[in-house]
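Okay everyone, thanks for coming. I'd like to walk you through a protein model today, going from the whole thing down to a few single residues. Here it is on the screen.

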Amino acid sequence: MAEALSLELDVFRNLFVSIAEEMGIVLRRTSFSPNIKERRDYSCAIYDARGETIAMGDHMPVHLGAMPASVAEAIRSQTIEAGDVVILNDPFRGGTHLPDITAVSGVFLEGDEQPAYYVASRAHHSDVGGMSPGSMPLAREIYQEGLRIPPVKLLRGGRMVEDILALLLANVRTPDERRGDIGAQIAAHRVGERRLRAVTATYGRDEITRRMAELQDYAERLMRACVAEIPAGEYDFEDFLDDDGITDTPIRIHCRLEVLPESGRAVVDFSGSGAQVSGGVNANRAVTLSAVMYCFRCLVAGDVPYNAGLMRPLEVITRPGTIVDAQPPASVAGGNVETSQRITDVVLGALAQALPDRIPAASSGTMNNWTMGGIDPRTGAPFAYYETIAGGMGARPNSPGLSAVHTHMTNSLNTPVEAMEHLYPVRIRRYGVRRGSGGAGRYRGGEGIIKEIEFLTAADVSILSDRRRRGPYGLAGGRPGKPGRNRLNKRSLPGKTRVEVRPGDILTIESPGGGGFGPPGK
């Protein structure tokens with residue numbers, strides 16, 4: 001039985017989470033781009049004086065599990081003073097992929113020279129330059145993917161560092177939108193800083209610091225207790241990405257899970273995974289850690305505090321230079337969105353061997369990323385848009401999978417048709433459930449989505465998707481989900497591609513269904 005959280009400590013847990021959630025609300029409501037405002041592709045969290053996670057908003061799992069690396073790099077690289085905001089997106093210095101710009105700032109109490117806490121936000125910006133609009137290109141090296149930002153101060157002492165902002169805006173296709181979204185992140189930070197100072201004034205620094213540590217220790221105990229309930233042993237599982245968009249070679253991701261229940265520890269070893277590749281599906285170690293944290297968090301019953309304590313019982317082994325621990329100058333745009341999903345699939349696949357009555361079949365396993373950009377004939381101004389498309393959830397041991405939902409490492413919403421047609425020169429011809437795409441089984445996998453986009457102007461379009469060759473796996477005799485499919489007019493497109501479209505062209509994206517659970521017909 002899970003350890004109960006004391007009433008007093010639960011009050012503080014909700015207090016800290018509410019601050020991160022409020023930061024997210026401010027970020028969403030003050031942002032400019034539909035990717036943040038409509039899809040909610042952002043995350044916010046708060047950290048203690050050491051930069052260890054205290055609380056996260058209910059935002060994007062792939063962001064939240066990886067963001068501590070950004071906070072650590074910002075603290076290491078910069079002397080953060082009152083009023084400063086550090087930004088970065090470099091995947092080899094704490095970031096994940098270039099469109100995700102992370103902001104970090106310190107929370108100073110009166111008379112202090114060092115931050116008592118930190119707040120951070122990460123938002124996926126719809127364009128950060130690079131070889132194609134939307135900055136999710138079919139690239140061979142990171143230099144082609146967009147502007148790479150090491151940890152630098154965007155605000156110093158509360159004042160904008162205009163040279164840094166000018167450099168950033170000069171390298172993107174939609175500078176007004178970027179300026180607005182960066183301003184929204186700064187606004188979110190100011191709210192988080194004020195709230196943390198207010199609760200400290202109410203309860204006292206010693207009490208807040210003690211409660212933060214208690215919540216981390218509590219999360220650690222819950223995770224150890226959870227791991228202790230998994231049967232001891234070693235469990236192997238592997239799955240593959242279709243390709244990297246440059247060659248047709250499948251890319252192996254292998255997980256060996258060793259469970260040590262007597263100590264409440266688990267070792268997750270990815271050393272058997274394939275080497276990093278030329279195309280942009282390489283994931284850095286922060287993304288891999290994020291996926292592992294998510295999988296094990298899902299095992300813990302109840303509303304466990306989502307903080308640094310959860311990772312203490314987990315050891316993650318990666319080999320530098322592999323698809324799950326890429327090194328410079330690897331291209332990484334898809335590592336954060338596609339490879340993170342496959343890492344999740346293999347960790348859950350290994351856990352399914354140990355806990356066959358608890359783990360669902362594979363969900364769609366791709367975020368079905370697509371971007372477009374060009375000149376809007378209505379305004380004469382450049383536009384750039386990025387979107388992920390949902391798919392089918394894997395069937396569960398006791399129920400079917402949900403249809404047309406974002407799963408696992410993504411927690412975004414579907415973009416409303418009205419918003420897309422209002423803001424961009426497109427017409428949505430069809431947007432519905434892809435019937436028959438879920439895998440058969442005692443419980444059927446969830447259905448994917450069919451989306452048809454008609455272009456009203458010429459545009460540069462990139463697609464970064466997976467599960468186009470093999471569908472998401474079923475479990476316990478369940479059948480795989482149906483693979484996804486991409487088409488331009490009536491012509492099939494690869495899972496990862498870049499095309500030039502003309503007015504009247506129709507892009508169709510069909511996302512995969514989830515795997516089934518249990519033998520069909522029983």
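I'll start with the overall picture, then go to two helices, and finish with some spots in the loops.

First, keep in mind that this is a predicted model. The protein has nine helices and 20 strands. Its radius of gyration is 22 Å, close to the 24 Å that the globule rule gives for 522 residues, so the protein is as compact as a globular protein of that length. If you put a box around the C-alpha atoms along the principal axes, the box is roughly 65 × 60 × 40 Å.

So how much of the protein is buried? Of the 522 residues, 61% count as buried. And take the contacts with a separation of 6 or more: 73% of them are between residues 24 or more positions apart. On the outside, the accessible surface comes to about 18,800 Å², and carbon and sulfur atoms hold 51% of that. As for charge, there are 60 positive and 62 negative side chains, and the centres of those two sets lie 5 Å apart.

Now, helix α6, which runs over residues 205-228. From its first C-alpha to its last, α6 reaches 35 Å, close to the 34 Å expected at 1.5 Å a residue. Which of its residues are buried? Among them are I208, R211, M212, L215 and Q216, and further along you get Y218, A219, L222 and M223. Here's something handy to remember: an α-helix has 3.6 residues a turn, so residues three or four places apart point the same way. Look back at that buried list with this in mind, and notice that the charged residues R211 and E220 are on it too.

Next stop, helix α8, residues 335-354, where you'll find T344. T344 is buried, with a relative accessible area of 0%. What does T344 touch, leaving aside its neighbours within four places in sequence? The answer is A291, Y294, C295, H408 and M409.

Last, the loops. Between β11 and α8 there's a loop that holds P329, and the peptide bond from P328 to P329 is cis, with omega near 0°. On the other side of α8, in the loop between α8 and β12, sits N368. N368 isn't a glycine, yet its phi is positive, at about 50°. N368 also counts as buried, at 1% relative accessibility. A404 is another non-glycine with a positive phi, about 55°, and you'll find A404 in the loop between β13 and α9.

Terms used:
Residues are numbered from 1 along each chain as its sequence is written. This is a predicted model: local features need pLDDT of at least 70, side-chain atom pairs count only at pLDDT 80 or more; totals for chains, interfaces and linings use all residues. Side-chain values use heavy atoms; hydrogens and water are left out. Helices (H or I, at least four residues) and strands (E, at least two) are DSSP runs, numbered from the N terminus. The expected span of a helix is 1.5 Å times one less than its number of residues. Buried means under 20% relative accessible area, exposed over 50%, partly exposed in between (1.4 Å probe, protein chains only). The radius of gyration is taken over C-alpha atoms; the globule rule is 2.2 Å times the number of residues to the power 0.38. Contact means heavy atoms within 4.5 Å. Accessible areas come from the Shrake-Rupley method with a 1.4 Å probe; for residues, only the protein chains shown count as cover. The place of a charge is taken as NZ of Lys, CZ of Arg, CG of Asp or CD of Glu.
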